[in-house]
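Student: I have a model on screen and want to learn how to read it. Can we go through it together?

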Amino acid sequence: MHTAKISGAGHYVPERIVTNDYLATIMDTNDEWIKERTGISERRWVENGDGNTAATMGTKAAKKAIAQSGLETSDIGHIVFATISPDYYFPGCGVQVQESLDMGTIGATDIRNACSGFIYAMSIADAFVKSGTYQHVLVVASELQSPFLDKTTRGRNVSVIFGDGAGAVIVSKANKGEKGIMSCHTHAQGKHKEELTMKGFGTQHWIGELLENGIDPDIHYPQMNGNFVFKNAVVRFEQVIGEALKKNNMTSDQIDCLIPHQANLRIAQFIQKRMGLRDDQVFNNIQKYGNTTGASIAIAFSEAIETGVVKRGDIICMAAFGAGFTWGSVLMEY
Ligand code: UT7
């Protein structure tokens, strides 16, 4: 059995900054409510026609991750792409990255685990490398959510939270003596599938229904039972971080940097308090980017490296919770 580690990371966010004050001009909301309930000041939304899609943003992040790893594109053995906002209903975005980066005929796996997508993708890449199947796996997480948000007052509890962006890492075989990825844990609870969902354009709602009735806000926009999701999130985050620490005989004071899924700053602060972590042990950037669903941890991790917050040798814990419900964690020495 081998050990896997992260050998490179990169991220990309669209240039267009959407402030809370701008949102207040298109729906009944305000900067104070959004900041107080979520911690978000601004988010990035693509400009219609600027060429940014989940696949193209993911490709930009992937290029940066490959460059940072010092590898050639031809060294990568497999792609794992996490998104719930793909360019096409099918095929998935993985094949688009493969084509754009001219990666021959390597395999591409697509993951649809929403906010936990990056953690699920990491767990698969880790297993591929551990088993010796591949030496280097490209993991991409990218979301283009702004076009399918209900940007009227009706959708304000959801639409003010979400943003667009992409992150990527290279998961590579570690050298002897390197700890790398110590454990990955993934969980799901399907009975809560409708607490956070976008039902259309799934096959439960056939095209005829859409043509006949037009867009139904309850089906074709994301719906979230915010309070219920919040309450479950704080419990599951703590559990799954605890699970990672227990598995590795570690305690929370040994974490150099916790990178929680950027769901809501209040959730991150709640977990930080529950786990007794100092401010410098938790990295958040939701203030600038909003909740980028599956991409948020990958973007935050890359930015934490870029800004010097995360350094080689640090113990990093990543944790996510979201639609499904699904949740998970990755504990590693970077
Ligand atoms: O990333 C995937 C996982 N997602 C999460 O973890 C998100 C979890 N949930 C949350 O973060 C929070 O539930 C929200 C931020 C989404 C909502 O905050 P909340 O404190 O749960 O608000 P609420 O939905 O209970 O709404 C409270 C009030 C309502 O008004 P009334 O009925 O008290 O008069 C809403 O209509 O706030 C109103 N409201 C807003 N007001 C201004 C809801 N959204 C907005 C808004 N601007 N954008």
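Tutor: We start with the ligand site and end with unusual backbone spots. This is a predicted model, where local features need pLDDT of at least 70, side-chain atom pairs count only at pLDDT 80 or more, and totals for chains, interfaces and linings use all residues. Residues are numbered from 1 along each chain as its sequence is written, and side-chain values use heavy atoms, with hydrogens and water left out.

Student: Which residues come nearest to the ligand?

Tutor: A residue is near a molecule if one of its heavy atoms lies within 4 Å of it. Here 20 residues surround the ligand, and Thr29, Arg37, His261, Asn264 and Asn291 come nearest. The shell holds 10 nonpolar, eight polar and two charged residues. In that scheme Ala, Val, Leu, Ile, Met, Phe, Trp, Tyr, Cys and Pro are nonpolar, Asp, Glu, Lys and Arg are charged, and the others, Gly among them, are polar.

Student: Which helix gives the largest share of the shell?

Tutor: Helices are DSSP runs (H or I, at least four residues), numbered from the N terminus; strands are runs of E, at least two. H9 gives the largest share, four residues. Helix H2 (31–38), helix H6 (156–159) and helix H9 (226–247) each supply at least two.

Student: Why does the ligand lie between domain 1 and domain 2?

Tutor: Domain bounds come from an automatic or database assignment. Domain 1 (4–173) and domain 2 (181–333) both give residues to the shell, so the ligand lies between them.

Student: Which atoms of the ligand pair with Arg37, Asn227 and Gly226?

Tutor: Look for polar contacts, pairs of N or O atoms within 3.5 Å. A polar side-chain atom of Arg37 lies 2.7 Å from a ligand oxygen. For Asn227, a polar side-chain atom is 3.0 Å from an oxygen of the ligand. Gly226 uses a polar backbone atom, 3.1 Å from a ligand nitrogen.

Student: Where is the cis peptide bond at Pro91?

Tutor: Check omega. The bond from Phe90 to Pro91 is cis, with omega near 0°. Pro91 sits in the loop between strand S4 (78–82) and helix H4 (93–100). Gly324 and Phe325 are also joined by a cis bond, with omega about -15°.

Student: What is the phi of Ala114?

Tutor: Ala114 has a positive phi of about 50°, although it is not a glycine. Find Ala114 in the loop between strand S5 (107–111) and helix H5 (117–130).

Terms used
Polar contact = N/O pair within 3.5 Å; in protein donor to acceptor, adjacent residues only side chain to side chain.
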